[in-house]
Amino acid sequence: MSGFLSPSQGLVPTDEEDRASLISVRSVDPSPDTLSKLIRRLRALTLTLLPVEVDPESINEPTSRVITPQVIAAYRAAAGDFVEALPYCLLRARAEFMWDANHNPADYGENLGRAVACEVLARRIVHLSEPDRIATIMSTRYQHRQIDGDESEMASALESAIDQHCTIFLSSSEAQDVVNALWGGELVQKNNGKTDIEYVSYADTRENSFWGHLDVSRLSVPRYQNMFRIFVWFFFLGVYSQAVREPLDKLDPNHTTLDEWEFILYFMALAFVIEDMYKFFTLLKFVTWRAFSFWNAVTFITDSLLFAAFILRVIGIQGSPEQQVSYRLSSFQVLSYVAPFIWMKLITVFDGYKYIGTMQICVARMLKESGIFFALLSVLAIGFTQGLYALDAADGSTDSPMVTVNVLIQALLQAPDYQRFDKSPAGMWLYYLWSAVTAIVLLNVLISLFSSAYSDVIDDAEAQYLAFFAQKTVGMIRAPDSYVYPAPFNLVEVFFVAPFELIPGLKLNEKHYAKLNRYVMGTIFIVPLTFIALFESRFSRNKPNAWLSNWFRGDDEGAGDSPANRNPTVDDPKCEGLEISKVPFEELVKVFPNTQMSSEAIIIKELNSLKKQIETLTKALEKQN
């Protein structure tokens, strides 16, 4: 009855269990209803495991007294023949517990602990899986039945963890191995149709040679996308810097057309707008609106300003001489507003580096927490604006409402204009109150919110960054796209390649369309593809002649645990007869404490052992009597 709790059947899966699970999930393809039943069963188990509130930190401890080896074995047994889908179902159960926690404040602590338990269990179960199956467990996409009866969008365990920002799961070595393999292109997506993908080893699909790696699909590798993006963005910053100098360099009033820098600027801006619109559509289709972040808002504002500047410039070119001057001035004024945003987006270009990535997480978290401050500020600002405007209207004449708004903003920015109300004592006292409330109360609230958000990120900086890096990597490849045209070359795809896929009269079959893309991309990107093929075939870390990479990066020998390392022999002729392993490794470790179990578990184990010895002794005495 409790055989699944034994070490051989609980923590180390048998061959029969592996084969049964692999066959059942990969070939049977469980339906959403089947997985929903498994999710409900896991929820029932978790409710039984944690009927009361438990500290989440104690649940996540390596020697937790809650998530014990026996509990992990019980959850594995609860999945039956669907162990491959168990991490996905646990993460779905976590999402439901978090929903319960956010919508039922009275039981927030209990449900938060249950959500953390599901995430920890998913991490531990993946850790117990065979190394050659981890990529399959992470990438296999499933569906479940939602509360309203509809089928959910297909998602994998890795994608579900990213959508929920599961730092515990994503910071595991198994998850990061998959993410790093995706980042470097060692694992690539194989599109099986109907948004079903799986990760396969790229080395198994190509020969290890220069021509084998000269493949246009390598442009979709996140690492190379990031490098290309850095180069293009620096080029765009240079073009923008030259374009905004145009009013100084072109003082001739007859200069009414776009110069070469403006043409390149708006050409690249159009490419970025199309790329960002595609990303927004992808987020809504494959993820949810919750995936939108602060940087998506910055991108939207940047694209909107560039588009507005271009429209004003075109209207000025087509208008009368008076309109040309006016619209040209307005165009460059709008274009000047773009500068802070495009330099701010430089952070997202280099966020693959840990320091900048952690800084970006801190900024995003602080801006998210500042919502409380801006909500209070908005309510108070409306009230004080109305009050000061009413005092101004008491004498029968009023100034523009923007004058009152401007005075309040000056006080908020620590530059109050008290002379504005020197003739109205009531207005002066109200203005004093506004200055005191904003300077003493609201700003201190904002500072405390920023401090709390910063400390939350820094205290768990490693896990936060690893989760962010996983989101960045998978976000680049989440929408299945076999032919990636990075901006600004996506315009070539939109205007010259896509018509052969969409327009009925020009539509090519799948084989010829793939051949067209390979020819076009091979011609445009021949230089970067050559460098990529040279790097992967000659200097890649996975190749035998990877001396250059090893020289720069070094070899990780910290995990080396082999019999030769445990009991080394001395082959030095100068030390003949001397030994390192006078005391065997097995004898040395006998005095080590058991760090895999909590102190409570060790005490219980010793008590159970003592209990069995007493029972044995009692039976022996009874037989003698």
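Me: Why is C362 called buried or exposed in this model?

Reply: C362 has a relative accessible area of 6%. Buried means under 20%, exposed means over 50%, and partly exposed lies in between, for a 1.4 Å probe and protein chains only. C362 is therefore buried. The model is predicted: local features need pLDDT of at least 70, side-chain atom pairs count only at pLDDT 80 or more, and totals for chains, interfaces and linings use all residues. Residues are numbered from 1 along each chain as its sequence is written, and side-chain values use heavy atoms, with hydrogens and water left out.

Me: What makes C118 buried or exposed?

Reply: The relative accessible area of C118 is 0%, so C118 is also buried.

Me: How do you know how many disulfides the structure holds?

Reply: A disulfide requires a pair of cysteine sulfur atoms within 2.5 Å. The structure holds zero disulfides.

Me: Why is the contact of R145 with D33 called a salt bridge?

Reply: The closest N and O atoms of R145 and D33 are 2.9 Å apart. The term asks for a side-chain nitrogen of Lys or Arg within 4 Å of a carboxyl oxygen of Asp or Glu, so this pair is a salt bridge. Side chains of opposite charge can pair when their charged atoms come close.

Me: Which parts of the chain does the pair of R145 and D33 link?

Reply: R145 lies in the loop between α8 (134-139) and α9 (157-163), and D33 lies in helix α3 (residues 32-49). The two residues are 112 residues apart, and the parts they link are distant along the chain. Helices here are DSSP runs of H or I with at least four residues, strands are runs of E with at least two, and both are numbered from the N terminus. R145 has a relative accessible area of 29% and D33 one of 35%, so each counts as partly exposed.

Me: What makes D33, R145 and E151 a network?

Reply: R145 also forms a salt bridge with E151, with the closest N and O atoms 3.7 Å apart. D33, R145 and E151 are therefore linked in a network of salt bridges. E151 is partly exposed, at 43% relative accessibility. The search of the whole structure finds nine salt bridges.

Me: How do you know that E119 and R94 form a salt bridge, and where do they lie?

Reply: Their closest N and O atoms are 3.0 Å apart. E119 is in helix α7 (residues 108-127) and R94 in helix α6 (residues 86-103), so the pair ties together parts 25 residues apart in sequence. E119 is buried at 3% relative accessible area, and R94 is buried at 11%.

Me: What makes the second largest cavity a cavity, and which residues line it?

Reply: A cavity is a set of points on a 1 Å grid over the protein atoms alone where a 1.4 Å probe fits but cannot get out; lining residues have an atom within 4 Å of a point. The structure holds two cavities of 30 Å³ or more. The second largest has a volume of about 40 Å³, where volume is the space filled by probe spheres set on the points, joined across faces, edges and corners. L388, D392, T404, V407, R420 and F421 line the second largest cavity. Helices α21 (371-392) and α22 (401-412) each give two or more residues to that lining.

Me: How is that lining divided by class?

Reply: The lining has three nonpolar, one polar and two charged residues. Ala, Val, Leu, Ile, Met, Phe, Trp, Tyr, Cys and Pro count as nonpolar, Asp, Glu, Lys and Arg as charged, and the others, Gly among them, as polar.

Me: What is the make-up of the chain over residues 263-281 and 332-350?

Reply: The unreviewed UniProt entry lists both ranges, among others, under "transmembrane region"; such annotations may be inferred rather than shown by experiment. Residues 263-281 are 100% helix and 0% strand, with end C-alpha atoms 27 Å apart. Residues 332-350 are 84% helix and 0% strand, with end C-alpha atoms 28 Å apart.

Me: Why is T438 called buried or exposed?

Reply: T438, in helix α23 (residues 425-459), has 0% relative accessibility and therefore counts as buried. T438 and A411 are 27 residues apart in sequence and 8.1 Å apart in space, C-alpha to C-alpha.

Me: What is notable about the bond that joins A487 and P488?

Reply: The bond is a cis peptide bond, with omega about 10 degrees. P488 lies in the loop between α24 (461-477) and α25 (490-497). Most residues other than glycine have a negative phi, and most peptide bonds are trans. H165, in the loop between α9 and α10 (167-170), has a positive phi near 55 degrees.

Definitions and conventions
On a 1 Å grid over the protein atoms alone, a cavity is a set of points where a 1.4 Å probe fits but cannot get out, and a pocket is an open set with protein on both sides within 12 Å along at least five of seven lines; lining residues have an atom within 4 Å of a point.
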